[in-house]
Amino acid sequence: MTRETHWIVGPGALGRLIALRLAGRVPVRLVGRRRLPGRQTLITPEGEPLVQALAMSRIDALPPETPAVVHLTTKAHGAEAAHAALAARLPAGVPLVLWQNGFACQPRLSERHHGPVLCATTTEGAHVQGDDRVTHAGHGHTYLGALDGRHAELAGPLARTLADAGLPAEAVADIRVRLWRKLAVNAAINPLVARFLIRNGQLRDRPFRPMVERLIAEVAAILEAEGVNAPGGDGLEGWQQLVWQVVEATASNRASMLQDVRAGRLTEHEAILAPLLDAASRHRLSAPCLDGHLQALRRRAAGLAEPPAAC
């Protein structure tokens with residue numbers, strides 16, 4: 001990648017993690033709705049503080065520079081509004097990297113943006129500790145690629161830049177499949193931990209384990225119809241193995257959706273559950289558990305009482 005500035009739009013946990021890791025390797029500008037302290041601290045997974053001075057801008061007061069790449073790290077439900085606020089400011093051809101969960105905004109922004117678009121799916125874990133501090137909760141891995149398989153000449157160098165900065169990354173031609181796989185895991189875990197305010201590891205026990213299994217069965221049927229296989233390619237058994245591996249590896253974690261609920265923020269339930277239900281509708285499949293969780297989380301977002309969990 002060039003030494004031109006990387007804009008990171010969305011200074012939440014993931015955005016600041018990326019910014020603080022990249023700073024010192026490439027020029028970085030953190031962009032948000034409000035200015036944060038310019039001196040930011042990242043607590044590494046090893047417990048070491050990493051302090052960096054970051055250039056900061058509000059999204060409505062951007063400097064007269066053309067970024068080398070824009071990393072859009074807002075929550076999924078804010079991605080399209082953030083892109084709209086940037087669109088008039090960016091000349092055609094500036095690459096955009098989408099770091100959102102789910103599979104809702106990525107196809108739309110890939111068509112709308114006037115330049116190359118890469119999608120990223122990551123297992124890096126981070127949470128905010130304050131306006132000037134973020135904790136990198138656990139090392140992960142990031143995959144980058146375009147939905148149509150193009151732009152390898154952009155994805156490869158960017159993956160190397162991220163890896164050199166301490167965020168292992170890999171350019172892939174099948175990012176669409178990888179987004180669906182992460183969506184499958186999130187759909188089996190996040191709605192339950194968000195509704196019942198539990199850590200991931202509690203899903204291994206009753207009454208939650210049967211709920212997870214029912215969600216996995218619905219997701220597996222939908223993705224089979226979409227032509228998306230589990231990493232092992234073993235149908236339902238493969239999806240079960242994938243989800244329970246993630247639960248085991250993140251047993252003590254508070255999922256991002258749970259963090260949002262506890263902080264009173266809007267959750268990403270639409271981006272995670274609605275694409276699966278849209279696919280179920282296309283393939284005329286029933287998904288009552290997925291739908292039940294989506295309706296319950298919609299009611300919570302609207303400030304209404306949730307019905308008892310039926311799945």
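## Cores, rings and cysteines in a predicted model

The largest nonpolar core of this predicted model has 68 residues, and Leu-203, Trp-239, Leu-276 and Leu-290 have the most contacts inside it. A nonpolar core here is a set of buried Ala, Val, Leu, Ile, Met, Phe, Trp, Tyr and Cys residues joined through side-chain atoms within 4.5 Å. Buried means under 20% relative accessible area, exposed means over 50%, and partly exposed is in between, with a 1.4 Å probe and protein chains only. Helix α5 (residues 175-196) gives the most to this core, with 12 residues. Helices (H or I, at least four residues) and strands (E, at least two) are DSSP runs, numbered from the N terminus. Apart from the largest core lies another one, of 32 residues, with Ile-8, Val-28, Leu-36 and Leu-54 among them.

A word on how to read all this: residues are numbered from 1 along each chain as its sequence is written. Since the model is predicted, local features need pLDDT of at least 70 and side-chain atom pairs count only at pLDDT 80 or more, while totals for chains, interfaces and linings use all residues; side-chain values use heavy atoms, with hydrogens and water left out.

Which residues does Leu-276 touch, leaving aside neighbours within four places in sequence? Leu-276 is in contact (heavy atoms within 4.5 Å) with Trp-180, Leu-183, Ala-187, Val-219, Ile-222, Leu-223 and Leu-290.

Trp-180 also brings us to the rings. The structure holds two aromatic pairs, listed below. Rings of Phe, Tyr and Trp (its six-membered ring) pair if their centres lie within 6.5 Å; planes under 30 degrees apart count as stacked, over 60 as edge-to-face and the rest as tilted.

| Pair | Geometry | Centre to centre | Angle between planes |
|---|---|---|---|
| Phe-103 and Trp-180 | edge-to-face | 5.1 Å | 80° |
| Phe-196 and Phe-208 | tilted | 5.3 Å | 50° |

The Phe-103 and Trp-180 pair links distant parts of the chain, 77 residues apart: Phe-103 sits in the loop between β7 (96-98) and α3 (105-112), and Trp-180 in helix α5. Both Phe-103 and Trp-180 are buried. In the other pair, Phe-196 belongs to helix α5 and Phe-208 to helix α6 (residues 208-226), 12 residues apart. Here the burial is mixed: Phe-196 counts as partly exposed because its relative accessibility is 30%, whereas Phe-208 counts as buried at 13%.

Rings also meet charged side chains. Arg-178 lies over the face of Tyr-143, at 4.0 Å from the ring centre, and Arg-209 lies over the face of Trp-244, at 4.1 Å from the ring centre. A charge sits over a ring if NZ of Lys or CZ of Arg is within 6 Å of the ring centre and within 35 degrees of the ring normal.

Now for the cysteines. How many disulfides does a search of the whole structure find? The search finds zero, a disulfide being a pair of cysteine sulfur atoms within 2.5 Å. Why does Cys-105 have no bond to Cys-119? The sulfur of Cys-119 is the closest cysteine sulfur to that of Cys-105, but at 7.9 Å it is too far for a bond. Cys-105 is buried, with a relative accessible area of 2%, and Cys-119 is buried at 1%.

Cys-119 is part of strand β8 (residues 117-122), where six of the six residues are buried. In a regular strand the side chains alternate between the two faces of the sheet. Both faces of β8 are covered, with Val-117, Cys-119 and Thr-121 on one side and Leu-118, Ala-120 and Thr-122 on the other. Three bridges join β7 to β8, and the two strands run parallel; strands pair if DSSP finds at least two bridges between them. Cys-119 is the bridge partner of Leu-98.

Finally, some backbone features. Most residues other than glycine have a negative phi, and most peptide bonds are trans. The peptide bond from Arg-206 to Pro-207 is cis, with omega near 5°, and Pro-207 lies in the loop between α5 and α6. Leu-197 lies in the loop between α5 and α6 too, with a positive phi near 55°, and is partly exposed at a relative accessible area of 40%. Arg-284 has a positive phi of about 55° although it is not a glycine. Arg-284 is placed in the loop between α9 (269-282) and α10 (288-301), and is exposed, with a relative accessible area of 81%.
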